[in-house]
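Please take a moment with the sequence and the structure shown below, and keep them at hand while reading. The paragraphs that follow lead from one residue to a helix and then to a group of aromatic rings.

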Amino acid sequence: MTSVIIVSHSGYGHTARLAGAVATGIGEVEGVALSRITIDADGEVEESAWETLATADAILFGSPTYMGGPSWQFKKFADASSKVWARQGWKDKLASGFTNSASMNGDKASTLAWFVTFAMQHGMVWAGTGMMPANTRAAKRDDANYLGAFTGLMAQSPADAGPDEAPPQGDLHTAALFGRRIAGLARRSGRS
């Protein structure tokens, strides 16, 4: 069985909702076991999370974009992974990431680039969305990949919308497609 793990932080619930949509897509791929690890408000994960991550074939990193980068809670988790880095515990595992912010742009690309660098530090293999953007005049906000992300998954949640109403359906659909892609790549890699 191929193991795919989502490790994420969510400040207000929007990124958690996005992670749930990614998980839905992962769950559509046969032969893939999904685990979710939540980084709490203090930037901590349960001690058993490190053992779970060690068994992963693929790890998806998720965080809101705050001030042009991942949340401090995610960064604390990343810093705590230095012991894993020292023994190259995640080397050759598949990696990808997702983020959400209030603005259409919101410098989400900076967060994804940060995730790529983090994955490269660990010797991981990065996979992007593999999706074409919805970038024609006929495109609608709820089309798949309306934000045109390639490096990783991006979503947008208006600052005055709660997690029960944002991200919008198009971004959640894109998240499910993204989850399905990463799970499929992990399964095909034949690590398990």
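Q156 has a relative accessible area of 11%, and because buried means under 20%, this residue counts as buried. The model in which this is seen is a predicted one, and Q156 has its place there in strand β7. Leaving aside residues up to four places away in sequence, Q156 touches N100, S101, A102, S103, M104, K108, R141, L147, P167, P168 and D171.

One of those contacts, K108, leads to helix α5, which comprises residues 108-121. At 1.5 Å a residue, the 14 residues of this helix should span 20 Å, and this agrees with its end C-alpha atoms, which are 20 Å apart. The buried residues of α5 are K108, T111, L112, F115, F118 and A119. Around the helix axis these residues cover an arc of only 115°, which means that they lie on the same side of α5. Among the elements that cover the buried residues of α5 are the strands β3 (58-66), β4 (69-70), β5 (94-101), β6 (125-126) and β7 (153-156), together with helix α3 (72-80). Just after α5, the chain reaches G123, which takes a positive phi of about 75°.

The aromatic residues offer a second way through the model, since the structure holds 14 aromatic pairs. In one of them, F61 and W90 have their ring centres 6.3 Å apart and an angle of 40° between the planes, an arrangement that is tilted. This pair links distant parts of the chain, for F61 belongs to strand β3 while W90 lies in the loop between α4 (82-86) and β5, and the two are 29 residues apart. Both F61 and W90 are buried.

Another pair is formed by W114 and F115, whose ring centres are 6.3 Å apart and whose planes stand at 75°, so the pair is edge-to-face. What sets the surroundings of these two neighbours apart, in terms of being buried or partly exposed? W114 is partly exposed, because its relative accessible area is 29%, whereas F115 counts as buried because its relative accessibility is 0%.

The two pairs also come together in a wider group, in which W50, F61, F74, F77, W90, W114, F115 and F118 form one aromatic cluster. Among the members of this cluster are F115 and F118, which also appear among the buried residues of α5, so that the cluster leads the reader back to the helix described above.

Technical notes
Residues are numbered from 1 along each chain as its sequence is written. This is a predicted model: local features need pLDDT of at least 70, side-chain atom pairs count only at pLDDT 80 or more; totals for chains, interfaces and linings use all residues. Side-chain values use heavy atoms; hydrogens and water are left out. Helices (H or I, at least four residues) and strands (E, at least two) are DSSP runs, numbered from the N terminus. The expected span of a helix is 1.5 Å times one less than its number of residues. Buried means under 20% relative accessible area, exposed over 50%, partly exposed in between (1.4 Å probe, protein chains only). The arc is that of the directions from the helix axis to the C-beta atoms. Contact means heavy atoms within 4.5 Å. Rings of Phe, Tyr and Trp (its six-membered ring) pair if their centres lie within 6.5 Å; planes under 30 degrees apart count as stacked, over 60 as edge-to-face and the rest as tilted.
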